[in-house]
Amino acid sequence: MSADTHPKGGSGFPALRGLTPVLIVESVAECLPFWTDRLGFEMTTQLPGPDGSIVFAILQRETIEVMYQSLASVFADGATTATEVAGQSVALFLTVDSSD
């Protein structure tokens with residue numbers, strides 16, 4: 001049985017259906033135009049913070065989804081500390097037909 005036909009996705013592991021990055025940034029609003037204006041993503045969810053600024057957003061186009069969360073809201077959630085976030089980074093490599 002090949003990895004394509006194995007009920008658990010091959011090698012006994014569950015089949016993966018997607019991977020959604022949550023990118024932690026200073027300002028969610030400043031990141032949105034790249035995805036919406038340049039790449040045609042739709043903002044499907046947005047959550048405002050206490051000051052009305054967007055602190056969390058989900059962007060989607062077809063089967064691809066990207067989430068953004070503000071650093072301030074991560075700390076406000078109490079799920080992580082500045083020490084745990086310090087020095088972390090991420091790089092996304094996008095393959096497109098044309099950047100025009």
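# Close-up views of a predicted model

The chain exposes about 7,600 Å², and carbon and sulfur atoms supply 54% of this area. The structure shown is a predicted model, and the legends below go through it one view at a time.

**View 1. The chain as a whole has three helices and four strands.** Read from the N terminus on, the elements of the chain follow the order β-α-β-β-β-α-α. The chain has 100 residues, and buried residues make up 25% of them. Among contacts between residues at least 6 apart in sequence, 43% join residues that are at least 24 apart.

**View 2. Strands β2 and β3 pair in the antiparallel sense.** Strand β2 covers residues 42–48, and six bridges connect this strand with β3. One place to look for the pairing is T45, whose bridge partner in β3 is I58. Between the two strands of this hairpin there are five residues, and in the hairpin G52 takes a positive phi near 90°. Strand β3 itself, which spans residues 54–61, is mostly covered, as six of its eight residues are buried.

**View 3. Strands β3 and β4 run antiparallel and are joined by six bridges.** Strand β4 is made of residues 64–70, and Y68 in this strand is the bridge partner of A57. In a regular strand the side chains alternate between the two faces of the sheet, a general point that may help in following the strands in this view and in the previous one. The hairpin of β3 and β4 has two residues between the strands.

**View 4. E62 lies in the loop between β3 and β4.** Most residues other than glycine have a negative phi. In E62, however, phi is near 55°, a positive value in a residue other than glycine. Is E62 buried or exposed? With a relative accessible area of 67%, E62 is exposed, because the cut-off for that class is over 50%.

**View 5. S70, a residue of strand β4, is shown with its surroundings.** The relative accessible area of S70 is 5%, and S70 is therefore counted as buried, the cut-off being under 20%. Which residues are in contact with S70, once its neighbours within four places in sequence are left aside? They are I24, V25, E26, V28 and V55.

**View 6. Ring pairs link F34, W35 and F41 into a cluster.** A search of the whole structure finds two aromatic pairs. In one of them, F34 and W35 meet edge-to-face, with 5.4 Å from centre to centre and 85° between the planes. The rings of W35 and F41 have their centres 5.0 Å apart and their planes at 80°, so this pair is edge-to-face as well. W35 counts as buried because its relative accessibility is 4%, under the 20% cut-off. F41, at 9% relative accessibility, also counts as buried. F34, by contrast, is partly exposed, with a relative accessible area of 43%.

**View 7. F34, V90, L92, L94 and V96 form a nonpolar patch on the surface.** Together these residues have about 450 Å² of accessible area. F34 lies in helix α1, which runs over residues 28–38. Why does F34 count as partly exposed? Its relative accessibility is 43%, and this value falls between the 20% cut-off for buried residues and the 50% cut-off for exposed ones, so F34 belongs to the class in between. F34 thus appears in two views, as a member of the surface patch and as a member of the ring cluster.

**View 8. Q88 is placed in the segment after α3 and is shown together with I24.** Helix α3 covers residues 82–85. Q88 and I24 are 64 residues apart in sequence, while their C-alpha atoms are 9.7 Å apart in space. Is Q88 buried or exposed? Q88 has a relative accessible area of 60% and is exposed. I24 also belongs to an earlier view, where I24 is one of the residues in contact with S70.

Note on methods. Residues are numbered from 1 along each chain as its sequence is written. This is a predicted model: local features need pLDDT of at least 70, side-chain atom pairs count only at pLDDT 80 or more; totals for chains, interfaces and linings use all residues. Side-chain values use heavy atoms; hydrogens and water are left out. Patches are made of residues with over 30% relative accessible area and no salt bridge: like charges are joined within 9 Å, nonpolar side chains (Val, Leu, Ile, Met, Phe, Trp, Tyr) within 5 Å. Accessible areas come from the Shrake-Rupley method with a 1.4 Å probe; for residues, only the protein chains shown count as cover. A salt bridge is a side-chain nitrogen of Lys or Arg within 4 Å of a carboxyl oxygen of Asp or Glu. Buried means under 20% relative accessible area, exposed over 50%, partly exposed in between (1.4 Å probe, protein chains only). Contact means heavy atoms within 4.5 Å. Rings of Phe, Tyr and Trp (its six-membered ring) pair if their centres lie within 6.5 Å; planes under 30 degrees apart count as stacked, over 60 as edge-to-face and the rest as tilted. Two strands pair if DSSP finds at least two bridges between them.
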